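Please open the structure in your viewer and keep the selection tool at hand. We will take a short walk through it, one stop at a time.

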4 protein chains.
Amino acid sequence: MVGYAFMGAAHSQGWRTVGRVFDLPRRPVLAAVCGRDAEAVRAMADRHGWAAAETDWRALIARDDVDLVDICTPGDSHAEIALAALAAGKHVLCEKPLANTVEEAEAMAEAAEAAAARGQVAMVGFNYRRLPATSLARTMVAEGRLGTLRHVRVTYLQDWLVDPEFPLTWRLRRERAGSGALGDLGAHIVDLAQYLAGEPVVGVSALTETFVRQRPLPAAASSGLSAVPDATGLGTVTVDDAALFTGRFASGALASFEASRFATGRKNALRIELNGERGSLAFDLERLNELSYHDHTEPGTHAGFRRILVTEPDHPYLEAWWPPGHGLGYEHTFTHQAHDLVQAVAAARRPVPSFADGLQVQRVLAAVEESAEKNSVYTPVAATPVTATSPAVRGDL
Amino acid sequence: MVGYAFMGAAHSQGWRTVGRVFDLPRRPVLAAVCGRDAEAVRAMADRHGWAAAETDWRALIARDDVDLVDICTPGDSHAEIALAALAAGKHVLCEKPLANTVEEAEAMAEAAEAAAARGQVAMVGFNYRRLPATSLARTMVAEGRLGTLRHVRVTYLQDWLVDPEFPLTWRLRRERAGSGALGDLGAHIVDLAQYLAGEPVVGVSALTETFVRQRPLPAAASSGLSAVPDATGLGTVTVDDAALFTGRFASGALASFEASRFATGRKNALRIELNGERGSLAFDLERLNELSYHDHTEPGTHAGFRRILVTEPDHPYLEAWWPPGHGLGYEHTFTHQAHDLVQAVAAARRPVPSFADGLQVQRVLAAVEESAEKNSVYTPVAATPVTATSPAVRGDL
Amino acid sequence: MVGYAFMGAAHSQGWRTVGRVFDLPRRPVLAAVCGRDAEAVRAMADRHGWAAAETDWRALIARDDVDLVDICTPGDSHAEIALAALAAGKHVLCEKPLANTVEEAEAMAEAAEAAAARGQVAMVGFNYRRLPATSLARTMVAEGRLGTLRHVRVTYLQDWLVDPEFPLTWRLRRERAGSGALGDLGAHIVDLAQYLAGEPVVGVSALTETFVRQRPLPAAASSGLSAVPDATGLGTVTVDDAALFTGRFASGALASFEASRFATGRKNALRIELNGERGSLAFDLERLNELSYHDHTEPGTHAGFRRILVTEPDHPYLEAWWPPGHGLGYEHTFTHQAHDLVQAVAAARRPVPSFADGLQVQRVLAAVEESAEKNSVYTPVAATPVTATSPAVRGDL
Amino acid sequence: MVGYAFMGAAHSQGWRTVGRVFDLPRRPVLAAVCGRDAEAVRAMADRHGWAAAETDWRALIARDDVDLVDICTPGDSHAEIALAALAAGKHVLCEKPLANTVEEAEAMAEAAEAAAARGQVAMVGFNYRRLPATSLARTMVAEGRLGTLRHVRVTYLQDWLVDPEFPLTWRLRRERAGSGALGDLGAHIVDLAQYLAGEPVVGVSALTETFVRQRPLPAAASSGLSAVPDATGLGTVTVDDAALFTGRFASGALASFEASRFATGRKNALRIELNGERGSLAFDLERLNELSYHDHTEPGTHAGFRRILVTEPDHPYLEAWWPPGHGLGYEHTFTHQAHDLVQAVAAARRPVPSFADGLQVQRVLAAVEESAEKNSVYTPVAATPVTATSPAVRGDL
């Protein structure tokens with residue numbers, strides 16, 4: 001694993017747990033973790049149970065005891081590391097967004113395609129597909145329970161930037177993060193919407209905004225940023241604080257997306273609703289064990305959105321966990337991701353979501369940025385086949 | 001009152017009730033109701049307690065016992081009736097949308113301005129301002145409880161057109177209704193958003209769609225439509241089924257709007273959320289006695305969206321109603337509208353929302369249609385001062 | 001109508017509205033209202049549209065233009081007025097609880113039975129049966145959708161007595177109110193639970209409590225209380241602040257009841273849930289347009305409590321009101337009660353709930369008080385046939 | 001650890017994770033797990049990372065590499081194992097309920113007291129105290145935010161016994177489980193209610209019921225039950241299906257408890273609400289990352305139950321987990337329990353809840369059974385000091 005901050009801890013928890021809970025054809029071994037700060041990465045390895053610590057990701061890739069490289073760094077290094085790992089014959093899991101630019105993502109998808117021919121697996125880490133509730137939703141859409149799709153509306157709202165004194169971290173600089181709320185939150189909801197709908201977004205019209213343009217700089221040593229403080233000690237935010245876009249899916253369904261870090265009081269409010277001719281589904285990440293479902297084929301007298309508690313033994317991933325009503329948490333997405341990836345590796349099957357899927361999301365994000373720059377004009381998304389749309393998603397590991 | 005269908009019944013209930021519940025300087029008398037079908041309008045007058053029935057709205061306006069004309073007809077006749085009523089020295093209440101075109105709305109706003117100089121009152125019927133919860137929300141925004149506004153997101157979702165066999169009523173024809181979900185639902189949410197925000201929308205980027213383009217024609221006699229059935233007996237829908245638009249408020253806050261009649265399972269889901277630097281508010285018309293409020297100035301440890309049951313004696317309009325927890329319904333908006341209008345008439349004060357406010361909404365809707373025609377390009381809204389933004393809204397009657 | 005406070009206003013609204021909204025065989029006329037304070041009752045008559053005002057209820061009953069007497073006074077006068085009205089050949093609507101004692105209620109039920117033979121109708125005002133949601137729930141239970149009933153749990157929580165400075169009103173004195181939360185709130189939930197379950201409570205075990213035993217006296221003139229202030233100017237609360245009881249229904253289903261005026265933050269939280277072998281229902285008066293339903297015969301994978309918005313045209317009482325999603329309020333229960341009573345009068349049919357039903361509730365309340373006095377020992381409820389349990393409740397008017 | 005079924009898996013997850021997430025003075029080592037079936041326990045040890053497997057709990061206790069014995073067996077063996085472990089100088093964690101009888105629990109509490117003098121720690125596994133939301137609730141009560149407590153109402157509802165074909169497992173036989181819903185679910189809610197209230201229940205009045213008295217027997221080999229099938233192949237359920245009881249807390253606050261496995265559609269609905277003079281709290285285990293709080297000292301105009309998302313860094317246990325809004329799951333209670341226990345062991349401090357606390361819960365359950373047998377008469381709970389009531393609960397480890 002490369003990277004050892006928030007995502008590193010979450011992935012570690014997934015890797016450590018998956019073989020203890022699920023029956024797996026192969027049990028993951030936490031061979032080595034890599035970070036630039038030798039002391040910190042050593043402490044992290046001890047804490048999380050990694051057998052070794054490295055400070056150079058090239059050394060990590062070169063290790064014989066490493067079969068799979070899990071990339072948890074900021075987006076600007078994804079392409080370089082992933083390409084090197086694939087070239088070295090490793091399987092790869094890469095955190096989202098796949099890359100900071102479409103060009104990088106294209107190179108990665110091509111490399112993954114070539115590596116697939118050699119039996120290598122490359123997955124992108126859109127972990128919100130791995131919740132029982134979203135996975136159940138995907139199955140229900142694929143079963144035709146919604147019929148012709150009319151609307152998809154998604155928001156991903158957080159509020160940690162509302163305070164103008166919040167410092168200028170790497171997530172607020174374009175050279176590291178690629179974009180702001182768009183790449184961080186927007187990438188999640190574009191992927192989740194396409195996954196659930198089973199079809200790609202084909203065009204968008206977008207507005208983006210940076211509400212607070214100057215922020216205090218954090219201690220230089222730790223930030224690794226190139227931002228230069230101005231006369232008042234502030235640095236410039238070079239990414240979006242919020243991104244709103246409408247769009248069309250391939251089938252003609254309409255979509256509404258909103259990603260923001262300025263939605264006061266909303267902590268992690270990824271909410272998605274799909275309306276089809278035969279039914280609707282709604283999900284809220286802040287209540288992640290629940291799925292709302294309206295069956296429009298029922299008589300109106302008794303119809304309504306029902307709250308499915310997605311904790312039954314026959315719900316996705318639940319055979320391995322607790323009795324009905326005993327909910328899972330955020331981190332379980334990483335355990336499930338590890339499960340699906342290990343299954344794909346063992347079976348030498350194309351993983352979902354693949355790097356091609358990650359590229360497709362990247363193309364939507366690029367169209368969003370292009371539209372925002374061009375006065376919100378409707379901007380088509382470059383066409384890429386989405387491999388994520390198979391109904392048998394979990395079978396397709 | 002002109003018009004006697006759904007809106008006519010709702011307004012009748014408001015007029016009949018207001019003087020029984022509130023202390024009013026003048027008590028309304030239900031003098032006469034007007035409709036084209038003599039028998040039907042007579043029956044309606046008996047049912048709802050109107051003293052007389054007319055079949056020609058000009059005759060209604062000519063009556064000496066009529067001081068105020070309440071226009072509840074489809075949008076294509078609003079301008080003609082309102083202009084005539086104002087010219088005849090009557091006060092006017094006109095259902096929303098104010099008109100089907102900006103030109104008509106401009107003429108009406110000008111006539112209202114001229115009539116105001118003669119002591120006449122002209123109000124547009126955006127009844128959702130008259131809920132205790134929305135009125136409380138307006139007060140809280142005006143008090144500065146949200147601070148600098150960052151986001152406003154609004155949806156108004158219904159599902160009565162999902163069935164392709166639903167017939168082609170007047171609401172689906174441009175020549176009568178002006179537009180579809182946009183004018184019917186979108187007008188409500190544009191007004192409500194501007195009212196709550198206390199500032200106008202200054203530009204929009206829009207997508208509209210008609211999902212089902214051909215529908216069965218209803219019995220010709222009753223429909224009064226000019227639509228000609230095609231070879232299969234179907235007629236053409238000439239309005240939008242759904243309208244999505246993003247936009248900016250004068251202060252730079254971002255807005256997201258969605259109006260649809262294809263959101264399966266959503267019956268009357270007008271939902272609005274405002275996020276400001278100091279707090280947030282959320283409201284859902286399907287739970288109309290509640291207002292959600294997050295106070296961001298509180299310590300995060302104990303903060304969260306609270307559900308205010310807007311039924312306390314000191315909440316707007318509640319001094320006249322029931323004890324705490326005994327909720328009101330949809331129709332009370334019309335009683336409150338009647339209350340506010342009677343107060344305005346008695347005090348010879350400019351009503352809120354005025355025809356100028358209705359014109360402003362119309363201009364936003366026109367910008368939406370223009371943007372949708374121009375590939376969603378960001379389209380400025382023609383500038384009109386909004387008179388609805390005073391903090392002391394109810395005092396401003 | 002006798003009595004003109006909160007209940008008087010609510011009933012007036014119902015009588016005034018019912019004929020304007022529903023098709024009725026006979027249209028109610030608001031002939032006269034009665035109260036002890038001549039000036040106040042005159043003002044109330046003007047306000048609410050009563051043609052005449054009386055200060056002696058015997059004079060009201062003696063009027064030839066009065067066919068039906070609606071009793072909205074405190075419980076200590078119900079029996080005397082109702083018996084006189086029935087003796088005078090009038091139809092009667094009596095507010096709940098039917099009486100302050102079982103003995104009074106028995107006399108009333110007997111008189112009503114005798115009057116029924118003369119074509120007179122006597123109904124008790126358990127208005128919460130008249131909500132579309134509760135009425136739909138009753139229909140669903142009667143259709144067998146819950147199967148064998150296992151549990152009924154009900155709370156009715158308010159908080160207006162939490163403040164120890166709240167004054168000693170008539171509702172806090174046994175000689176006027178009979179009991180406290182028990183008779184005021186408990187009567188409602190016992191009736192509603194028996195109505196929905198379709199069977200009587202046959203035994204109870206109870207705890208009651210008076211948390212604040214001394215309260216400031218209100219101005220003597222207006223209170224009409226016999227309470228004598230103590231040395232500190234306080235008077236004694238002689239009723240319960242809260243009553244909790246468990247019990248059994250005739251079928252063996254278990255029940256849990258709680259009524260309190262000390263549940264801080266709960267304004268009018270009448271919540272009821274029924275669990276049966278085949279399904280469950282839940283209702284909350286603070287969201288009175290909604291009914292929660294779990295269908296246990298569905299596959300668990302997609303099952304869950306659904307929120308039925310009880311606003312469809314085929315829902316109870318809704319044919320007369322607004323389109324789907326446009327909710328009703330508390331006061332509509334009185335309009336519906338008037339509707340059902342007028343139908344019963346016109347058809348000369350036994351009304352539901354009858355005085356016998358009111359007596360049955362009274363007997364449950366008496367058993368609660370007896371159990372509370374006897375150290376909570378399980379206390380059977382005297383057996384009375386409940387006439388309210390027919391599945392075709394609305395047909396049984 | 002003794003026992004390796006559902007609870008064994010959950011505890012394993014806790015022990016394995018705690019040192020990876022929290023900073024601990026001592027890191028737990030999973031030394032050995034014990035069960036009667038050698039093959040099964042060996043497989044479980046491999047799966048969950050236990051270094052060794054034993055088939056005799058006496059052998060486990062005798063091991064030098066075992067410092068702490070975690071008892072996850074059915075209640076009938078708790079006392080024997082715990083007493084032996086304490087006698088052997090081990091620390092003990094014992095699953096709830098502490099024992100199947102008060103006598104056993106008394107012996108265990110005495111042994112724990114004696115062992116405490118030797119520096120041993122004995123904790124009972126009421127894991128629902130270890131949720132961030134319940135722990136926050138406890139802190140808020142201790143801070144005086146509720147003021148004088150008036151009401152505590154708690155339900156713990158499941159539905160897995162609704163189907164009469166569900167087999168007769170050990171949980172349905174008195175000789176193994178002690179009691180039914182009462183000991184399984186009731187123990188949890190009695191403990192949680194006393195913990196949150198900070199005071200003991202002093203008396204109860206109870207009803208219990210067994211709805212389905214005969215059930216099919218499972219395969220004899222696996223069940224280890226002594227039940228003998230009747231002529232029809234069915235065996236007898238000898239525990240309660242549901243238990244309802246009201247009661248009083250030491251302060252005079254009233255309590256309502258309901259535990260059932262027949263609440264159709266409720267999967268794990270542990271719901272608790274506390275109403276005090278100054279505020280209220282509500283919690284629902286099916287939404288375990290949320291706490292509802294009403295602050296009654298605020299002006300009523302803006303007051304209401306707020307939903308605190310208990311995922312902030314300063315919320316209990318959250319410093320070790322994810323960013324705001326990224327919720328935890330059921331199993332985290334066991335990680336937190338392990339954390340608190342390790343801290344207690346390292347500091348040689350009395351753990352909370354202690355065996356004395358477990359005994360107190362047992363006494364309440366015994367009073368419930370006694371009351372249910374005696375016609376629900378109010379039955380005092382034998383007095384034991386509750387050590388769990390300190391405000392500084394986490395500091396008291």
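Here is a tour of a predicted model, with something to select at each stop.

**Stop 1: a sheet in chain C**

Select strands 3, 4 and 5 of chain C. They form an open sheet in the order 3-4-5, with parallel pairing. Why does one side of strand 3 and of strand 5 have no neighbour in the sheet? Strand 3 (68-71) and strand 5 (122-125) stand at the edges and have a single partner strand each, so one side of each is left free of a neighbour in the sheet. On average, neighbouring strands here are turned by 10° against each other, direction ignored.

Now zoom in on strand 4, residues 91-95 of chain C, which runs parallel to strand 5 of chain C and is joined to it by 4 bridges. Look for C:Val92, and opposite it you will find C:Ala122 in strand 5 of chain C.

Next, add helix 4 of chain C, residues 78-87, to your selection. This helix lies across strands 3, 4 and 5 of chain C, and runs at about 170° to strand 4 of chain C.

**Stop 2: chains A and C together**

Show chain A beside chain C. A turn of 180° with a shift of 0.0 Å along the axis lays chain C on chain A with an RMSD of 0.0 Å. The two copies are thus related as by a two-fold rotation axis. Which residue of chain C comes closest to the rotation axis? Select C:Arg306, whose C-alpha is at 1.7 Å from it. The copies meet through the same surface, because 100% of the interface residues of chain C are also interface residues in chain A.

**Stop 3: where chain B touches chain A**

Bring in chain B, where 31 residues are in contact with 31 residues of chain A. Several strands of chain B each supply at least two residues of this side, among them strand 6 (149-157) and strand 10 (242-249). The largest share, 4 residues, comes from strand 11 of chain B. By type, this side of chain B divides into 11 nonpolar, 15 polar and 5 charged residues.

**Stop 4: strand 13 of chain A**

Finally, select residues 279-284 of chain A, which make up strand 13. Of its 6 residues, 5 are buried, so strand 13 is largely enclosed by the rest of the structure.

Strand 12 of chain A (residues 269-276) runs antiparallel to strand 13 of chain A, with 5 bridges between them. A hairpin of 2 residues joins the two. One bridge pair to pick out is A:Glu273 with A:Ala282.

Then move to strand 14 of chain A, residues 290-295, joined to strand 13 of chain A by 4 bridges in an antiparallel arrangement. The hairpin between strands 13 and 14 of chain A passes through 5 residues. End at A:Gly279, which stands opposite A:Asp295 in strand 14 of chain A.

Methods: Residues are numbered from 1 along each chain as its sequence is written. Chains are lettered from A and ligands numbered from 1 in the order in which they are written. This is a predicted model: local features need pLDDT of at least 70, side-chain atom pairs count only at pLDDT 80 or more; totals for chains, interfaces and linings use all residues. Two strands pair if DSSP finds at least two bridges between them. Axes are lines fitted to C-alpha atoms, for helices over the stretch in contact, and angles run from 0 to 180 degrees between N-to-C directions. Two residues are in contact if their C-beta atoms, placed from the backbone, lie within 7 Å. Copies are superposed by least squares on the C-alpha atoms of residues with pLDDT of at least 70 in both. Ala, Val, Leu, Ile, Met, Phe, Trp, Tyr, Cys and Pro count as nonpolar, Asp, Glu, Lys and Arg as charged, and the others, Gly among them, as polar. A residue is buried if 20 or more other C-beta atoms lie within 10 Å of its own, exposed if 12 or fewer, and partly exposed in between; C-beta atoms are placed from the backbone.
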